[in-house]
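Subject: Structure handover and what was found in it

Dear colleague,

Please find below the structure I promised to pass on, followed by an account of what was found in it.

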Amino acid sequence: MTDAARNISEIASYHAHIYFEPETRAAAERLRGFIGERFPVRLGRWHDAKIGPHDQSMYQVAFNTDVAPSLVPFLMLNHAGLSILIHPNTDNPRRDHIIDAIWIGRRLHIHADVLPETGAPEDAGEINTQPTILQDTP
Ligand code: ZN
């Protein structure tokens, strides 16, 4: 363990994983609409079956670091009881998901064994929303 602090420039982008069950899918749809109307992000497709390290159905929201200061608090206030995992994307996906993530709502299990400990930091990808509602910035 070194004394040097990690620099936030390690973070290439973030993901928010928005989890749902059949009973809460409507809430997840509503939140997805809210996000798309307000934030320049990449909305991932619906995964109704478990995928990768995730233990519940979910969709992913990929976003650049400049969106985090407004999107993260928006999710805190509007998650409607859904569990949301927010993790940075650095060169260590396992650490990103398990050690360095934040949760909104109830914390769920993450299958760490399928996450590599090294990898190229993932960028947010192409934005696929066209926000029309201006969001306050902190
Ligand atoms: Zn992710």
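I will begin in the interior, with I35, which is found in helix α1. The model is a predicted one, and in it I35 is buried, because its relative accessible area is 1%, where anything under 20% counts as buried. Leaving aside residues up to four places away in sequence, I35 touches I18, V41, L43, V61, L71 and L75. By contrast with those contacts, I35 and I51 are 16 residues apart along the chain, and their C-alpha atoms are separated by 22 Å.

Two of the residues that I35 touches, L71 and L75, bring us to helix α2, where A68, S70, L71, V72, F74 and L75 are buried. An α-helix has 3.6 residues a turn, so residues three or four places apart point the same way. The buried residues of α2 pack against β1, α1, β3, β4 and β5. What follows α2 is A80, with a positive phi near 55 degrees, a sign worth noting in that the residue is other than glycine. A80 sits in the loop between α2 (68–78) and β4, and it counts as exposed because its relative accessibility is 57%, the threshold for that class being over 50%.

The metal site comes next. Which protein atoms serve as donors of the zinc ion? They are ND1 of H15, NE2 of H17 and NE2 of H87, lying 2.0 to 2.2 Å from the ion, and the spacing of these donor residues in sequence is H-x1-H-x69-H. H17 belongs to strand β1 and H87 to strand β4, so this pair ties together parts that are 70 residues apart in sequence. Both H17 and H87 are buried.

As for open space, the largest pocket holds about 390 Å³. Its lining consists of 25 residues, of which H15, H17, H54, Q60 and E122 are the closest to its centre; H15 and H17 also appear among the donors of the zinc ion. At least two lining residues are supplied by each of β1 (13–19), β2 (42–43), β3 (58–63), β4 (84–89) and α3 (93–98). By residue class, the lining divides into 10 nonpolar, 11 polar and 4 charged residues.

Turning to charged side chains, the count of salt bridges comes to 10, and I describe some of them here. R6 forms one with D100, in which the closest N and O atoms are 2.9 Å apart. R6 lies in the segment before β1, and D100 in the loop between α3 and β5 (102–104), so the pair ties together parts that are 94 residues apart in sequence. R6 counts as partly exposed because its relative accessibility is 43%, and D100 is likewise partly exposed, with a relative accessible area of 27%.

A further salt bridge brings together the side chains of R95 and E10, at 3.7 Å from N to O. This pair, too, links distant parts of the chain, with R95 in helix α3 and E10 in the segment before β1, 85 residues apart. R95 has a relative accessible area of 25% and is therefore partly exposed, and E10, at 29%, is partly exposed as well. R95 also forms a salt bridge with D91, the closest N and O atoms being 3.6 Å apart, and D91 is partly exposed, with a relative accessible area of 41%. Through salt bridges that share partners, R6, E10, D91, R95 and D100 are joined into one network.

One last item concerns the loop between β2 and β3, where G52 lies. G52 counts as partly exposed because its relative accessibility is 48%. G52 and L115 are 63 residues apart in sequence, while the distance between their C-alpha atoms is 8.0 Å.

With best regards

Definitions and conventions:
Residues are numbered from 1 along each chain as its sequence is written. This is a predicted model: local features need pLDDT of at least 70, side-chain atom pairs count only at pLDDT 80 or more; totals for chains, interfaces and linings use all residues. Side-chain values use heavy atoms; hydrogens and water are left out. On a 1 Å grid over the protein atoms alone, a cavity is a set of points where a 1.4 Å probe fits but cannot get out, and a pocket is an open set with protein on both sides within 12 Å along at least five of seven lines; lining residues have an atom within 4 Å of a point. Grid points are joined across faces, edges and corners, and a volume is the space filled by probe spheres set on the points. Helices (H or I, at least four residues) and strands (E, at least two) are DSSP runs, numbered from the N terminus. Ala, Val, Leu, Ile, Met, Phe, Trp, Tyr, Cys and Pro count as nonpolar, Asp, Glu, Lys and Arg as charged, and the others, Gly among them, as polar. Donors are N, O and S atoms within 2.8 Å of the metal (3.2 Å for Na, K and Ca); water is not among the atoms, so sites may look incomplete. Buried means under 20% relative accessible area, exposed over 50%, partly exposed in between (1.4 Å probe, protein chains only). A salt bridge is a side-chain nitrogen of Lys or Arg within 4 Å of a carboxyl oxygen of Asp or Glu. Contact means heavy atoms within 4.5 Å.
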